[in-house]
Amino acid sequence: MRVLGIESSCDETGVALYDTEQGLLAHALFSQIDLHAEYGGVVPELASRDHIRKTLPLIDEVLNSAGLTTQDIDAVAYTAGPGLAGALLVGAAIGRSVAWALDKPALAINHMEGHLLSPLLEDRSPAFPFVSLLVSGGHTLLVDVKAVGDYELLGESVDDAVGEAFDKTAKLLGMDYPGGPYLAAKAEEGTADRFEFPRPMTNRPGLDFSFSGLKTFAMNTWLDSDKTEQDKADIALAFQTAVVETLAIKCRRALKQTGHKRLVVAGGVSANKALRTKLDAMSGVDVFYPRQQFCSDNGAMIAFAGAIRQQAMVKHDAPSFSVRPRWPLNELTPP
């Protein structure tokens with residue numbers, strides 16, 4: 001079974017073709033970073049228009065790369081949420097239209113489930129059950145994953161997601177958009193232990209997160225400094241260290257609470273080297289990640305999630321569609 005996956009939830013257009021026997025056949029991604037950099041953040045209407053321009057050419061590119069045609073597609077999976085409503089509608093409309101034209105099933109996929117399952121694309125992949133830490137620009141979640149579609153939310157951010165906190169803090173320090181990678185790079189030049197940042201919500205029970213206060217702490221530290229490049233690097237390092245240690249503390253709690261020995265980390269922030277180093281150092285825990293290119297939004301994770309659900313599908317929805325800008329993981333059901 002070959003499933004075409006389309007990802008268009010925010011500012012990256014991703015298309016991929018996954019074969020249930022051969023694995024990932026081809027994938028392509030177009031990032032809109034340059035388009036939105038001028039505005040210092042994602043402009044939803046511009047994102048939607050660019051998805052319109054890029055999705056069909058990327059489908060052609062993926063099919064050509066795999067040496068296949070549309071007639072070789074057995075199903076189409078598309079991101080139906082969560083994400084930007086307009087951007088989601090582009091991918092959903094194209095995905096449903098392609099499926100309808102080919103008389104093939106179409107599957108609405110949850111974006112966060114795509115991230116959660118993405119490490120299963122790797123040769124070294126986790127077995128169920130496991131704890132998943134999903135860290136992206138818009139979400140920070142801890143999830144007890146018992147099986148595909150059987151998810152229990154353990155904790156989430158009560159304000160800024162960790163990716164947002166990285167980007168906003170970088171902007172406060174005068175870094176370019178998107179700021180997260182720039183802040184992480186700057187942190188490598190920092191002096192350890194010069195600044196001590198708090199580890200928010202770690203001195204109380206529970207698995208929820210809060211990063212907005214940490215962002216404010218970084219801003220005040222910057223305003224009180226001499227604003228040199230070394231100050232910037234030291235603050236970046238202190239901020240990143242606080243975030244990484246906070247995430248690690250919560251992960252250890254989640255693993256202890258569930259009794260699981262496997263941790264899956266996915267989403268854009270899972271590419272952060274300091275985070276991987278910290279989590280890999282946890283004793284008695286097997287940690288799994290997607291490959292670097294699949295940490296950010298991509299079509300491969302949507303095609304893969306679609307393939308898993310398509311294999312178990314008994315009947316399919318009518319050829320209509322809707323999107324869900326807000327779509328909690330715990331509302332999903334097993335296929």
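These exercises work through cysteines, a hairpin and backbone geometry in a predicted model.

**Exercise 1.** Find how many disulfides the model holds, and say where Cys-10 and Cys-251 stand.

Solution.
- Start with the cut-off: a disulfide needs two cysteine sulfur atoms within 2.5 Å.
- Take Cys-10. The nearest cysteine sulfur belongs to Cys-295, 16 Å away, and Cys-10 is in no disulfide.
- Take Cys-251. Its closest cysteine sulfur is also in Cys-295, at 15 Å, so the gap is too far for a bond.
- The count is 0 disulfides.
- Now check burial. Cys-10 is partly exposed, because its relative accessibility is 22%. Cys-251 is buried, at 0%.

**Exercise 2.** Work out how strand β2 is joined to strand β3.

Solution.
- Locate the strands: β2 covers residues 12–19 and β3 covers residues 23–31.
- They run antiparallel, with 8 bridges between them.
- Pick one pair: Tyr-18 has Leu-24 in β3 as its bridge partner.
- Follow the chain from β2 to β3: a hairpin of 3 residues makes the link.

**Exercise 3.** Place the cis peptide bonds that precede Pro-82 and Pro-178.

Solution.
- Gly-81 to Pro-82 is cis, with omega near -10 degrees. Pro-82 sits in the loop between β4 and α3.
- Tyr-177 to Pro-178 is cis, with omega near -10 degrees. Pro-178 sits in the loop between α5 and α6.

**Exercise 4.** Describe the setting of Asp-103 and Lys-227, two non-glycine residues with positive phi.

Solution.
- Asp-103 has phi near 55 degrees. Its loop runs between α3 and β5. At 69% relative accessible area, Asp-103 is exposed.
- Lys-227 has phi of about 60 degrees. Its loop lies between α7 and α8. At 41%, Lys-227 is partly exposed.

Definitions and conventions:
Residues numbered from 1 in each chain as written. Predicted model: local features only at pLDDT ≥ 70, side-chain atom pairs only at ≥ 80, totals over all residues. Heavy atoms only, no water. Buried < 20%, exposed > 50% of the residue type's maximum accessible area, 1.4 Å probe, protein only. Pairing = 2+ DSSP bridges. Helix = DSSP H or I, 4+ residues; strand = E, 2+ residues; numbered from the N terminus.
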